Amino acid sequence: MNTTTAAVLKLLKSSDSYISGEQICQQLNISRTAVWKHIKTLKKLGYVIEAAPKRGYRITEETADPIPEQLEGLLNTEHFATKICYHKEICSTNRLLMEQAKNGAESGLTIIADRQTAGHGRMQRNWFSPSACNIYFSNLLRPEIEPYRAPQIALLCAAAMYDALKELFSKIPFGIKWPNDLFIDDKKCAGILCEMQTDMTTVQHVVIGIGLNVNVTSFPQELEDIATSISIHTGHEENRSQILAAIINRLDSYYKIWLKEGLQPFLATLNNASVLKGKQISVDLATKEVTGMAKEIAEDGTLVITSDNGQDIKIPSGEVHIKKFK
Ligand code: BTN
């Protein structure tokens, strides 16, 4: 939103009743046509604005879109969303932010989209990203850490999301599926994709991308049995800005703790909420498949499994499948 549109919005919000077009013109030193254009932009962003002859304009409903102006007053962060770019539609918040990271963008930059045309998850899978219902965002970090720690970031994000969502929706049975998914019962509601650039000794940048199904109620056929959303469980539409702000605030505070103390403070959450614990699983590794019983998430972020021959093995990363017994 440009600064004049933001100023029009501020005037509308500061008034309890109607504010005339003439008043807006005078206070912002703009023409009547310009006022009309800014009102149109605000309507496109989802604000419901009533226009009454001789009285002027008034906001009757805030936008449900998670736009920066809706988030600003709700955020208190140092490393996340210190600058926010909002797009009604882009290919992928991760793709765009990875490009900007390579061009020197500052740590803390967040890109939010209402819709993604090429949202992706791990293994280059598509991430279903329809408009006006869900949360899709990415945040850039430039941590001064050794590269071996970087994969732990997805786990601290999972813990942050779990705790933020549990606080908002205490009745929903969320779970964490190592290393990067949030589940409700046995269906996925959120995914975390951390993409990074590192060399032998340093991490140049990490882009954390998060997709959360909030208000979507119908999925393409291939996702019907494996995906779910928050509103499917609450039975009504939820406010995306409030949810996103709660998640970003929690990410910021957990990230600061993790920089100093590592994953230790989050192990209880990660293990208590684990949907894998005690389950028979198989893990696709680069060259082979390992099967066994999922035991715990260790302090270094690995998944410990007791393999079929009784040995404990630490899995650093991989795609996990829960075995179904008939
Ligand atoms: C996964 O489940 O494998 C991770 C899914 C991550 C999806 C999010 S949506 C916002 C960001 N932009 C993307 O293209 N992907 C991530």
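**Exercise 1. Find the loop that holds Pro-179, and state the geometry of the peptide bond before this residue.**

Step 1. Pro-179 lies in the loop between β6 (174-177) and β7 (181-184). Strands here are DSSP runs of E, at least two residues long, and helices are runs of H or I, at least four long, numbered from the N terminus.

Step 2. The peptide bond from Trp-178 to Pro-179 is cis, with omega near 0°. Most peptide bonds are trans.

The model is predicted: local features need pLDDT of at least 70, side-chain atom pairs count only at pLDDT 80 or more, and totals for chains, interfaces and linings use all residues. Numbering starts from 1 along each chain as its sequence is written, and side-chain values use heavy atoms, without hydrogens and water.

**Exercise 2. Locate Gln-124 and give the sign of its phi.**

Step 1. Look between β4 (109-113) and β5: the loop there contains Gln-124.

Step 2. Its phi is positive, about 55°, although Gln-124 is not a glycine. Most residues other than glycine have a negative phi.

**Exercise 3. Describe the surroundings of the ligand.**

Step 1. Place the ligand. It sits in the largest pocket. A pocket is an open set of points on a 1 Å grid over the protein atoms alone, where a 1.4 Å probe fits, with protein on both sides within 12 Å along at least five of seven lines. To sit there, more than half of a molecule's atoms must lie within 2 Å of the grid points.

Step 2. List the neighbours. Around the ligand are 21 residues, of which Ser-92, Gln-116, His-120, Arg-122 and Lys-188 come nearest. A residue is near if one of its heavy atoms lies within 4 Å.

Step 3. Assign elements. α5 (93-102), β5 (135-141), β8 (187-198) and β9 (203-212) each supply at least two shell residues. β8 gives the largest share, four residues.

Step 4. Check polar atoms. A side-chain N or O atom of Gln-116 is 2.9 Å from a ligand nitrogen. A polar side-chain atom of Thr-93 lies 3.0 Å from a ligand nitrogen.

**Exercise 4. Work out the strand order of the open five-stranded sheet and name its edges.**

Step 1. The order is β13-β12-β11-β10-β14, with antiparallel pairing. Strands pair if DSSP finds at least two bridges between them.

Step 2. β13 (312-315) and β14 (319-322) are the edges; each has a single partner strand, so one side of each lacks a neighbour in the sheet.

Step 3. Take one pair. β10 (residues 280-284) and β11 (residues 289-297) are antiparallel over five bridges. Ile-281 has Gly-292 in β11 as its bridge partner.

Terms used: Polar contact = N/O pair within 3.5 Å; in protein donor to acceptor, adjacent residues only side chain to side chain. 1 Å grid on protein atoms, 1.4 Å probe; cavity = no way out; pocket = protein on both sides within 12 Å on 5 of 7 lines; lining within 4 Å.
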